[in-house]
Amino acid sequence: MSKSWTLDDMPSQKGRTILITGTGGLGFEDALALVRAGGDVIIAGRNPTKGADAVRRIKESAPQASVTLEIVDVASLASIEALGKRLKETRAHIDVLINNAGVMTPPARQTTKDGFELQFGTNYLGHFALTGHLLPLLMRGQAPRVVTLSSIAVRSASAAINFDDLQAERGYKPMPVYTQSKLACLMFAFELHRRSEEAGWGITSIAAHPGVSRTDLLHNAPGRRSAQGLLRTFLWFLFQPVAQGALPTLFAATSPNARGGGYYGPDRLGETRGHPIEAQIPKQAMEKHVAHKLWEMSEKLTGVSFNARAPTLDISSSGATTIAREG
């Protein structure tokens, strides 16, 4: 990019329906920027009180905002399926899906309601399932995009998908397990774009990461008194503002210059801060055979299949044109 991309460069989002998982931190900043650009934004989170407060704050800042709250727990396949069903009944299309919500490095191994390791189940499998459920709505969107959040942590040389212990049942170490979940997100973004192109879904899939930002993720996971939490508290000046950390996601979601199958992060200090630029892709994320195996395994674990066909036009007796899809 020839110049630093900012919110002033964001094109109008009028007429576009955007779903964001997560009601605080990066998700809140994404929603605020997108409603200011005219988007019809749905924020989806598991805490009704926190979600309602996010909607209130957005409307206070942008009185003309079109923003609604949907309740979903991305650590529950049943909750994700229920959200997908509600949206199919109430929405004609979704133009942008931002897979943002996540959990980071709980000190002890925890599981989701479906028995998956919490980080892998929430950060990756939940968003895999959500994207699959929303595929028909995305295919009805105008130039639809799916943006999936990864992390600078995937640049670790040890980052890998451990198929022999995918749920960390034999050995749990918080950061390697977190890194695996975010590597899976990155590989999913790339594989989704490849499959969309092959199947003709018309969906552009892009990955992004926020660098190192001042969200509450570290305080809410290992805790404020953990080594990571203390680092976040006392070395706060090393962490860029959340609104700045949201820029790569917003670029990926809106810019005509964002490349399908691309990966975006901050441009300075080893991608820890700055403005959106193409991010360094670890070689592990480019292993297509691993991505294929992960996808097939994810379909089995979640019970969600991405079988979808191109739309067909159905002319009703009244003369109205509707779009019928299978999948």
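**Buried, exposed and the model itself**

Let's start with one term: a residue is buried when its relative accessible area is under 20%, exposed when it is over 50%, and partly exposed in between, using a 1.4 Å probe and protein chains only. By that yardstick leucine 83 is buried, with a relative accessible area of 0%.

What you're looking at is a predicted model, so local features need pLDDT of at least 70 and side-chain atom pairs count only at pLDDT 80 or more, while totals for chains, interfaces and linings use all residues. Residues are numbered from 1 along each chain as its sequence is written, and side-chain values use heavy atoms, with hydrogens and water left out.

**The chain as a whole**

The chain has 327 residues, and 56% of them are buried. Its secondary structure comes to 10 helices and 10 strands. Here helices (H or I, at least four residues) and strands (E, at least two) are DSSP runs, numbered from the N terminus.

Contacts are another handy way in; a contact means heavy atoms within 4.5 Å. Take the contacts between residues at least 6 apart in sequence: 72% of these join residues at least 24 apart.

**The eight-stranded sheet**

How are the strands of the open sheet ordered? There are 8 of them, in the order β3-β2-β1-β4-β5-β6-β7-β8, with mixed pairing. β3 (66-71) and β8 stand at the edges with a single partner strand each, so one side of each has no neighbour in the sheet. On average, neighbouring strands are turned by 25 degrees against each other, direction ignored. Two strands count as paired if DSSP finds at least two bridges between them. In general, strands of a sheet pair through backbone hydrogen bonds, either parallel or antiparallel.

Now for some individual pairs. β5 (residues 145-149) and β6 (residues 204-208) pair in the parallel sense over 5 bridges, and valine 147 has isoleucine 206 in β6 as its bridge partner. β6 and β7 are parallel too, over 2 bridges, with alanine 208 opposite tyrosine 264 in β7. β7 and β8 run antiparallel and are joined by 4 bridges; there, glycine 265 stands opposite isoleucine 277 in β8.

**Helices on the sheet**

Helix α1 (residues 25-36) lies across β1 (17-21), β2 (40-45), β3 and β4 (96-99), and runs at about 165 degrees to β1. Helix α4 (residues 118-139) also packs on the sheet: this helix touches β1, β4 and β5, and its direction makes about 180 degrees with that of β4. For these angles, axes are lines fitted to C-alpha atoms, for helices over the stretch in contact, and the angles run from 0 to 180 degrees between N-to-C directions.

**Two leucines in helices**

Leucine 32 is found in helix α1 and counts as buried at 9% relative accessibility. Which residues does leucine 32 touch, not counting those up to four places away in sequence? They are Ile58 and Ser61. Leucine 32 and alanine 62 are 30 residues apart in sequence, and their C-alpha atoms are 7.8 Å apart in space.

Leucine 83, the residue we opened with, lies in helix α3 (residues 77-90). Leaving out residues up to four places away in sequence, leucine 83 touches Ala44, Glu70, Val72 and Leu130. The C-alpha atoms of leucine 83 and aspartate 73 are separated by 9.3 Å, with their positions 10 residues apart along the chain counted as the distance apart.

**The β7-β8 hairpin**

The hairpin of β7 and β8 has 4 residues between the strands. Leucine 269 is found in this loop, between β7 (263-268) and β8 (273-278), and its phi is near 50 degrees, a positive value in a residue other than glycine. Glutamate 271 lies in the loop between β7 and β8 as well, and has a positive phi of about 65 degrees although it is not a glycine.

Are these loop residues buried or exposed? Leucine 269 is exposed, with a relative accessible area of 61%, whereas glutamate 271 counts as buried at 11% relative accessibility.
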